[in-house]
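This report covers strand order, helix packing, a pocket and charged contacts. The sequence and the model come next.

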Amino acid sequence: RNGTEEWIKRLRIIDSTTITLFSNVIFKGVGRHPKTGKKKGGIKVHSVIHANEGVHCDVKFTSAATNDSFMLAPCHFKHDEIIAMDRAYINYEKFEELTERNVVYVTKMKKNLKYEVLADCMDMNEDGLMDYREQVGVFRKGDINHKAR
């Protein structure tokens, strides 16, 4: 499209939704127990969307109990692409691989994440308000020390 920012052409959005089923016999239960005390089975639909087109480029179906992070296969993303995802996709080993491939990822940090801030840079506008802030830090999970910003 004309006038589309260059960065949005590189943006991929990863998300999933769960379709609950009436039977717990076929699929492993997921989620909180309703008042009856039983978990419902379901199917989870995982998708990757090209942000500038609004078109799904990868769709997979799994049991609802499957962890979302399997969709974060670094080999599926190109150099300089940007991936936006929620916390369900956090996998520190895969983040390290994405960084090595020069793929940018954006997600919220988990509340219990242990990290150390290495650098903190802010730019102010003429009114003294912050225009931009970039923090560089290293977070640790087991044997993994991953540098991120």
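The text below takes the sheets, then the pocket, then the salt bridges of this predicted model.

**Sheets**

Two open sheets are described here, and the table sets out their make-up.

| Strand order | Pairing | Average turn between neighbouring strands |
|---|---|---|
| β3-β2-β1-β4-β5 | mixed | 20 degrees |
| β6-β7-β8 | antiparallel | 10 degrees, direction ignored |

The sheet ordered β3-β2-β1-β4-β5 has five strands and mixed pairing. At its edges stand β3 (55-63) and β5; each has a single partner strand, so one side of each is left without a neighbour in the sheet. From one strand to the next the twist averages 20 degrees. Within this sheet, β4 (residues 82-84) runs parallel to β5, and three bridges link the pair. A84 has V106 in β5 as its bridge partner.

The other sheet is built from three strands in the order β6-β7-β8, paired in the antiparallel sense. Its edge strands, β6 and β8, each pair on one side only. Between β7 and β8, which run antiparallel, there are five bridges. At one position, V138 stands opposite K147 of β8. Helix α2 packs on this sheet and touches both β7 and β8, with its direction at about 50 degrees to that of β8.

**Largest pocket**

The largest pocket has a volume of about 780 Å³. Its lining comprises 26 residues, and those nearest the centre are Y105, Q135, F139, A148 and R149.

Which elements each supply at least two residues of this lining? They are α2 (92-100), β5 (104-106), β6 (114-124), β7 (130-141) and β8 (144-148). β7 gives the largest share, with five residues. The contributors thus named include the three strands β6, β7 and β8, which form the antiparallel sheet, as well as β5, an edge strand of the five-stranded sheet. Helix α2 is also among them, and this helix touches β7 and β8.

By class, 15 of the lining residues are nonpolar, six are polar and five are charged.

**Salt bridges**

How many salt bridges does the model contain? The count comes to seven. One salt bridge joins K9 to E6, with the closest N and O atoms 3.2 Å apart. Both residues belong to helix α1 (residues 6-9), where they are separated by about one helical turn because they are three residues apart.

Conventions: Residues are numbered from 1 along each chain as its sequence is written. This is a predicted model: local features need pLDDT of at least 70, side-chain atom pairs count only at pLDDT 80 or more; totals for chains, interfaces and linings use all residues. Side-chain values use heavy atoms; hydrogens and water are left out. On a 1 Å grid over the protein atoms alone, a cavity is a set of points where a 1.4 Å probe fits but cannot get out, and a pocket is an open set with protein on both sides within 12 Å along at least five of seven lines; lining residues have an atom within 4 Å of a point. Grid points are joined across faces, edges and corners, and a volume is the space filled by probe spheres set on the points. Helices (H or I, at least four residues) and strands (E, at least two) are DSSP runs, numbered from the N terminus. Ala, Val, Leu, Ile, Met, Phe, Trp, Tyr, Cys and Pro count as nonpolar, Asp, Glu, Lys and Arg as charged, and the others, Gly among them, as polar. Two strands pair if DSSP finds at least two bridges between them. Axes are lines fitted to C-alpha atoms, for helices over the stretch in contact, and angles run from 0 to 180 degrees between N-to-C directions. Contact means heavy atoms within 4.5 Å. A salt bridge is a side-chain nitrogen of Lys or Arg within 4 Å of a carboxyl oxygen of Asp or Glu.
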